[in-house]
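Reader: Could you take one spot in this model and walk me through it closely? I'd like to know what sits around it and how the strands there pair up.

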Amino acid sequence: MIITKTPFRMSFFGGGTDMPDFFLKYGGSVLSTSFDKYCYVNVRHLPRFFSYTTELSYSKTERVTDIDAIEHPAIRNAMKYLDMHEIRLTYEADLPARSGLGTSSSFAVGMLSAFYALKGKYVDKRKLADDAIYLERKLCQEAGGWQDQIAASYGGFNRINFNVDGYEVVPVIISRDRKNQLNKNLLMFFTGFVRFSSDIQISNKLTTGDKISRLKEILTLVDDAEKVLTDGNRDLDEFGRLLDITWRLKRQTGAKVSTDHLDALYEKAINAGALGGKLLGAGGGGFFVFYVPLEKQDAVKWAMRDLMYVPFEFENGGTRIIHYTPENYVPII
C-alpha cells in the first residue's frame, strides 16, 4: 500500500504566462508557493475476490473490469501510461476540487508518485512534474499551463521560468521573518464557486494582441514582486499593491476570468483595507487571496463575513510518500 501527500499551490504573479502558446514565443515566469492544504492518494493492488478488477473512490466510486471503461480521464490515462492493473485507489483532500488551487494537478502528481512506488520505482520531483504535465496536457488533452504540476511536485516558494527549452525552478531566497510576515498578511476566502480550469482556459485562449500585451505586462510584474520579497529594505506592502495591479490586468485577459459578483467582493475587501488580491487559478470562482496589513484584517474579515475564511501556512515539502508497504503482487499472465 502506498499513500502520497501532495500540497496545493497558491500562484501570485505570472499566471497565464505558463501557457505554451505564450511562453514558447515570449518566455514566461510565475511566482508561487505551495501551502499546508493537501490531497492524499492511497493506492494498492485490489485483492482478487471481486467481480471487478479496478476500484476507484474520489467524488464518486467506479468499479470496472476494463481500464478503458474508467470514466476519470486522468486515472484512466495514467493507468494505461504506466501499465497499472488491478488497482484500488482512493482520493481525499483538505479543500474542494475545481477551486483554483491546482487540485487536479496535485492529484495527478500524487497519483503518479503512488503508481511508481507501487511498481517499486523511485522518481524525482522533475520526473513527476514532467509526467503530470504530459498526462494532463497531452494524454488527457486538457487546456492549461504548466505551473500547477511543477509547484505541486517541488513544493516551496519558487520562481518558475518557462522558455523554449522547458522550465527551471528557482527558490525565492527570503528571510524567515520576512516570509512569516508575508504569510501573516495574506488572507484567503472561499467564494463558494467551483469550475473546471480547462474550461476557463479554453474560453480565454489567446486570440488578440490586447491579451498578449496584458500578459507581457503581467510577466514584468514577476520581477518587481520578487525584488520586493528578496530586498529586506523594501516595504513588504508593495507586494500587496502589485497584487492589485496584476489582478486588474488579469481581469482584461478573458471574459470568464471574473464576474460582476466577484468584482464586487474584491472591491469590498479593498475598501475595507486590503492593499491588493486576486482570484487563485484561471479565474471564474474558487478562492480569493488578499494582502492585508495586520491592523486592517478584522475589518476585511468582517467585510468578507459571508465567505469562508481559510487560514493557511506556507509549506516547503512538495509531494511525498507518507506510507509505503511493499506487496507481493504477481500479475496475471
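Author: Here is a look at one serine and its strand, followed by a sheet elsewhere in the chain. Bear in mind that this is a predicted model.

Let's start with Ser32, which is found in strand β2, spanning residues 28–45. Is Ser32 buried or exposed? Its relative accessible area is 2%, and buried means under 20%, so Ser32 counts as buried. As for what surrounds Ser32, leaving aside neighbours within four places in sequence, it is in contact with Met10, Ser11 and Phe12, and also with Gln147, Ala151, Gly156, Phe157, Asn158 and Ile160.

Met10 leads us on to strand β1, residues 2–13. β1 and β2 run antiparallel and are joined by 11 bridges. Within that pairing, Met10 has Thr33 of β2 as its bridge partner. β1 itself is mostly covered, with 12 of its 12 residues buried. β1 also pairs with strand β13 (residues 320–324), again antiparallel, through 4 bridges. There, Ile2 has Tyr324 of β13 as its bridge partner.

Now for the other sheet. Its 4 strands make an open, antiparallel arrangement in the order β9-β10-β8-β11. The edges are β9 (276–279) and β11 (308–309), each pairing on one side only. β9 meets β10 (residues 287–291) over 4 antiparallel bridges, and Gly276 stands opposite Tyr291 in β10. Helix α9, residues 237–250, lies across β8 (186–190), β9 and β10, and runs at about 45 degrees to β9.

Technical notes
Residues are numbered from 1 along each chain as its sequence is written. This is a predicted model: local features need pLDDT of at least 70, side-chain atom pairs count only at pLDDT 80 or more; totals for chains, interfaces and linings use all residues. Side-chain values use heavy atoms; hydrogens and water are left out. Helices (H or I, at least four residues) and strands (E, at least two) are DSSP runs, numbered from the N terminus. Buried means under 20% relative accessible area, exposed over 50%, partly exposed in between (1.4 Å probe, protein chains only). Contact means heavy atoms within 4.5 Å. Two strands pair if DSSP finds at least two bridges between them. Axes are lines fitted to C-alpha atoms, for helices over the stretch in contact, and angles run from 0 to 180 degrees between N-to-C directions.
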